[in-house]
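Here are my notes on this model, in the order I would read them at the screen. Please have the structure open as you go through the points.

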Amino acid sequence: MSCYHDCISSVAASGSLPSAVCPTFQDNAICSVIAATNIASISYMSQWSCTSDGTTSTDPCDDNWDGVVCSGGYISSLFLNSMEMTGTFPSMLTVLSTLRHISLASNSLDGTLPTEIGALVLLTYLSVDGNGITGTVPEQIAQLPVLKKLLIHANKLTGNKYSC
C-alpha cells in the first residue's frame, strides 16, 4: 500500500490530521503549484522554489512561506488570493490530505477542477472564484463531508454549481 493511500485512509477513518504524511507528497504538491503557475516569478513570493529533484528548496512550514499555514508541520491552508497568478489549476493539490482551506480567488488560473478534490476530506473552505476555470463542477465537491464554504463564481464552469 502506498504512503499516499495510507495517509488518505488515516484521515478518512479518523477525521483528523494523520500522524505521518510522506513529506515527498507535500513537496511534490507544492512543486506542482510552482510548475503549473507563475507563483515563483512573483517578486514577493521568492521563497516558493523547488530543487531539480522536485522537492521544495526550504520547508514551507518551518520557513513560513507566504500564503501557507501549517498545523503540526503539515500544510493546512493555502491563502493565495489576488496574487496575480497565471497558469492552470494545480490538480496535485489534491494529495495534500491535510488541507482545510484553499483560497485561490481573483487570479488568472485556468484548467479544470479535478475530481480528486473529493479526497480532501478535511476541506472546509474552497474559494476559486474570479479565475478562468473551465469544465464541469466535479460532483465530488458535493460529497466533501465538512465543506462549509464554496466560492466558484466568476469562472467558466458548467453543470451543477453547488453552494454552501
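1. A term comes before anything else. Two strands pair if DSSP finds at least two bridges between them. By that rule, strand 1 and strand 2 (residues 74-79) pair in the antiparallel sense, over 4 bridges. Keep in mind throughout that this is a predicted model.

2. Now the overall layout. The protein has 2 helices and 9 strands. Along the sequence the pattern reads α-α-β-β-β-β-β-β-β-β-β. Of the 164 residues, 45% are buried. The exposed surface is about 7400 Å², and carbon and sulfur atoms supply 52% of it. Take the contacts in the protein with a separation of 6 or more: residues 24 or more positions apart account for 48% of them.

3. The sheet is the next item. What is the strand order in the open sheet of 5 strands? The order is 1-2-4-6-8, and the pairing is mixed. Strand 1 (68-71) and strand 8 (149-151) stand at the edges. Each has a single partner strand, so one side of each is left without a neighbour in the sheet. On average, neighbouring strands of this sheet are turned by 20 degrees against each other, direction ignored.

4. Look at the hairpin. Strand 1 and strand 2 form it, with 2 residues between them. G72 sits in the turn and has a positive phi of about 60 degrees. S71 stands opposite Y74 in strand 2. Further along, V69 has S77 of strand 2 as its bridge partner.

5. Strand 2 deserves its own point. How many of the 6 residues of strand 2 are buried? The count is 5, so strand 2 is mostly covered, where buried means under 20% relative accessible area. Besides its antiparallel pairing with strand 1, strand 2 pairs with strand 4 in the parallel sense, over 3 bridges. F79 has S103 in strand 4 as its bridge partner.

6. Follow S103 onward. Strand 4 (residues 101-103) and strand 6 (residues 125-127) pair in the parallel sense over 3 bridges. Here the bridge partner of S103 is S127 in strand 6. S103 thus links to F79 and to S127. A general reminder for reading side chains here: in a regular strand they alternate between the two faces of the sheet.

7. Check D27. Its place is in helix 2 (residues 23-36). Is the residue D27 buried or exposed, and which side chain of opposite charge is nearest? D27 is buried yet has no salt bridge. The nearest side chain of opposite charge is R100, 19 Å away. A salt bridge needs a nitrogen of Lys or Arg within 4 Å of a carboxyl oxygen, so R100 at 19 Å does not qualify. Not counting residues up to four places away in sequence, D27 touches G54, T55 and T56.

8. T58 is the next stop. This residue is found in the loop between helix 2 and strand 1. With a relative accessible area of 33%, T58 is partly exposed. The C-alpha atoms of T58 and D27 are separated by 9.6 Å, although the two residues are 31 residues apart along the chain. Leaving aside neighbours within four places in sequence, T58 is in contact with Q47, D63 and W65.

9. S82 merits a look at the backbone. S82 is found in the loop between strand 2 and strand 3 (86-88). S82 has a positive phi of about 50 degrees although it is not a glycine. At 46% relative accessibility, S82 counts as partly exposed. Which residues does S82 touch, not counting residues up to four places away in sequence? They are Y44, A105, S106 and N107. The C-alpha atoms of S82 and S103 are separated by 9.6 Å, with their positions 21 residues apart along the chain given as the spacing.

10. One last backbone entry. A154 is found in the loop between strand 8 and strand 9 (156-158). A154 has a positive phi of about 60 degrees although it is not a glycine.

Definitions and conventions:
Residues numbered from 1 in each chain as written. Predicted model: local features only at pLDDT ≥ 70, side-chain atom pairs only at ≥ 80, totals over all residues. Heavy atoms only, no water. Buried < 20%, exposed > 50% of the residue type's maximum accessible area, 1.4 Å probe, protein only. Lys, Arg positive; Asp, Glu negative; His and termini not counted. Contact = heavy atoms within 4.5 Å. Axes fitted to C-alpha atoms, helices over the stretch in contact; angles between N-to-C directions. Areas by Shrake-Rupley, 256 points an atom, 1.4 Å probe, with all protein chains shown as cover.
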